[in-house]
Amino acid sequence: MSYEEYLLQNQYSQNTVAVHKCRIERFKSWLKHYGITAQELSYGNLLKYAKYLQTEKNYERQSTNNELRAVKLYYDYLIAKGEAMENPAEDMAIRGKRIKVISNLLSEEELEDLYYSYDIEHYDTFFKATKLRDKVVLGLMVFQGITGVELYHLQEEYVQLSKGKIDIPSTRRSNARTMKLQPCQMMDLLNYTTTTRQYLSERIQTSNNEQLIFGSASQIRSITARIIRNLKQYNHKVTSYSQIRSSLIVNWLSKHNLRQVQYLAGHR
């Protein structure tokens, strides 16, 4: 499916489709100029693109927001095609003269409460297993700030329960790092790695037995999207995966210096 077909399928008019295609061509030209692929685009890169539009193209706030909305829609398309796992333009908008990347940040207590509140009980063995898997993923989101791409590349051998640590792999957009596991994660990770993971491997019949969380890139995104939907039942402030990660990074900044936070977040 082409980008144009995707837009038409989502009820956009021919005129709107033409405008969006023009905006994305402008965005692609900027990416090409700086040698950045669509899959490598980071939040920081997108901030630079917004600044470029305002300073070099002399775009007003509303025009810049329109361009960012086009980028967000384009990444929705790439995600639907399985060519991207995250949308760097999600929740980004210009407010006055400032760029506001995300709002409604969650406190450390709120993030912890999401984990403790997440229900994994179910009468069906398979669904109970998937719920435990999802809670393991949630723990990595709210305590280690793992990204969807890192989650896809995470292997079972990277979990060091005896040391209370986990190795987060590097990706094209992030550095590798070793992070401390929280005590509340340990039991769920132990149950998952010793019993549940093997059970899911047999039920799902995966071809990649090294993954900690089985699934293709699109399947991993479906798992995290379902978790986000479920979290909204516990806290109505929850909006997105990027909101949770941004909240964690802001919370880290109140405890650690910038260099330490850059390491914890895997920033290059």
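Q11 counts as exposed because its relative accessibility is 70%, and the cut-off for that class is over 50%. The residue belongs to the loop between α1 (3-9) and α2 (14-33), and its phi is near 70°, a positive value in a residue other than glycine. Most residues other than glycine have a negative phi. The model in which this backbone angle appears is a predicted one.

N58 can be read alongside Q11. N58 lies in the loop between α3 (43-55) and α4 (61-81), and although it is not a glycine, it has a positive phi of about 60°. With a relative accessibility of 60%, N58 is classed as exposed, since that class begins over 50%.

From these two loops one can step back to the whole chain. The protein contains 11 helices and five strands, and its C-alpha atoms, taken along the principal axes, fill a box of roughly 55 × 45 × 35 Å. Because a compact globule of 268 residues would have a radius of gyration near 18 Å, the 20 Å found for the protein agrees with that description. Of the 268 residues, 45% count as buried, and among the contacts with a separation of 6 or more, 60% are accounted for by residues 24 or more positions apart. The protein exposes about 14,300 Å², of which carbon and sulfur atoms supply 47%. As for charge, the protein has 37 positive and 28 negative charges, and the mean positions of the two sets are 6 Å apart.

The strands deserve a closer reading. Three strands form an open sheet in the order β3-β4-β5, with antiparallel pairing. The edge strands are β3 and β5, each of which pairs on one side only. Strand β3 (residues 159-160) is joined to β4 by two bridges, and the two strands run antiparallel; within this pairing, the bridge partner of Q160 in β4 is K165. β3 and β4 form a hairpin with four residues between them, and G164 in the turn has a positive phi of about 65°.

On the other side of the pairing scheme, β4 and strand β5 (residues 177-180) pair in the antiparallel sense over four bridges. Which residue of β5 is the bridge partner of I166? That partner is M179, while D167 stands opposite T178 and K165 stands opposite K180.

The side chains of these two strands can be followed in the light of that register. Strand β4 (residues 165-168) has a covered face, made up of I166 and I168, and an uncovered one, made up of K165 and D167. Along β5 the side chains alternate as well: R177 and M179 point to one face and are buried, whereas T178 and K180 point to the other and are not. Taken pair by pair, I166 of the covered face of β4 is thus matched with M179, which is buried in β5, and D167 of the uncovered face is matched with T178, which is not buried.

A last residue leads back to the helices. S222 is found in helix α9 (residues 217-234), and its relative accessibility of 43% is the reason why it counts as partly exposed, a class that lies between the 20% and 50% cut-offs. S222 and T37 are 185 residues apart in sequence, and their C-alpha atoms are 23 Å apart in space.

Methods. Residues numbered from 1 in each chain as written. Predicted model: local features only at pLDDT ≥ 70, side-chain atom pairs only at ≥ 80, totals over all residues. Heavy atoms only, no water. Rg over C-alpha atoms; globule rule 2.2 N^0.38 Å. Buried < 20%, exposed > 50% of the residue type's maximum accessible area, 1.4 Å probe, protein only. Contact = heavy atoms within 4.5 Å. Areas by Shrake-Rupley, 256 points an atom, 1.4 Å probe, with all protein chains shown as cover. Lys, Arg positive; Asp, Glu negative; His and termini not counted. Charge placed at Lys NZ, Arg CZ, Asp CG, Glu CD. Pairing = 2+ DSSP bridges.
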